[in-house]
Amino acid sequence: MQPGLRRTAWSPTSVEALGQHAVVGADGPIAVLPGWTWLRRVAPDAEVVATSSSVTNLISAVKSGLGIAVLPCFLADSDPSLVRCFGPIEGAQSDLWLLTRENLRDVPPVRAFIDFLASHVASMRHVLSGAAASR
């Protein structure tokens, strides 16, 4: 999954200008994801106006105009009220894992679901990577 910066009403003109904009930041487990570490690295002086450990809450905060945020492209691209500030952030990809118990992975209904989901996710690679907007 590839994150990109999102905004509702305005956009920084460059990565260097990010520090001059209000940021809705991540906390908790999602704060260590590559997109958020990138944002802290390139805009260490940005004013963080709110934080959340929930991507849903981050989207709501951006939509209400609190500031810009790093959001997964596959979620934000599908929302017409959100607009990319920049393309996908190089090096900010995250892995997507499908887990099951070892003793269940070859049980026919479980195997069928795993195979179906893997195929579906593979067909959505362009959306998940941020390479193509899903709207």
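## Ser129 and its distant partner

Let's start with Ser129, which is partly exposed in this predicted model. Its relative accessible area comes out at 29%, so Ser129 falls between the buried limit of under 20% and the exposed limit of over 50%. You'll find Ser129 in the segment after helix 5 (125-128).

Now look across to Pro88. Ser129 and Pro88 sit 41 residues apart in sequence, yet their C-alpha atoms are 7.8 Å apart in space.

## A nonpolar patch on the surface

Next, the outside. Leu98, Phe113 and Phe116 together make a nonpolar surface patch of about 320 Å². Leu98 belongs to the loop that runs between strand 5 (83-84) and helix 4 (108-123). With a relative accessible area of 42%, Leu98 counts as partly exposed.

## Inside the core

In soluble globular proteins, nonpolar side chains tend to be buried together. Here, the largest nonpolar core has 24 residues, and the members touching the most others are Trp36, Leu39, Leu58 and Leu71. Strand 2 (23-26), helix 1 (34-42), helix 2 (55-63) and strand 4 (69-72) are the elements that each give two or more residues to this core. Helix 2 supplies the largest share, with four residues.

Which residues does Leu58 touch, leaving aside those up to four places away in sequence? The contacts of Leu58 are Val24, Gly25, Ala26, Ile30, Trp36, Ser52 and Leu71. Two of these names may ring a bell: Trp36 and Leu71 are, like Leu58, among the core residues that touch the most other members.

Methods: Residues are numbered from 1 along each chain as its sequence is written. This is a predicted model: local features need pLDDT of at least 70, side-chain atom pairs count only at pLDDT 80 or more; totals for chains, interfaces and linings use all residues. Side-chain values use heavy atoms; hydrogens and water are left out. Patches are made of residues with over 30% relative accessible area and no salt bridge: like charges are joined within 9 Å, nonpolar side chains (Val, Leu, Ile, Met, Phe, Trp, Tyr) within 5 Å. Accessible areas come from the Shrake-Rupley method with a 1.4 Å probe; for residues, only the protein chains shown count as cover. A salt bridge is a side-chain nitrogen of Lys or Arg within 4 Å of a carboxyl oxygen of Asp or Glu. Buried means under 20% relative accessible area, exposed over 50%, partly exposed in between (1.4 Å probe, protein chains only). A nonpolar core is a set of buried Ala, Val, Leu, Ile, Met, Phe, Trp, Tyr and Cys residues joined through side-chain atoms within 4.5 Å. Contact means heavy atoms within 4.5 Å.
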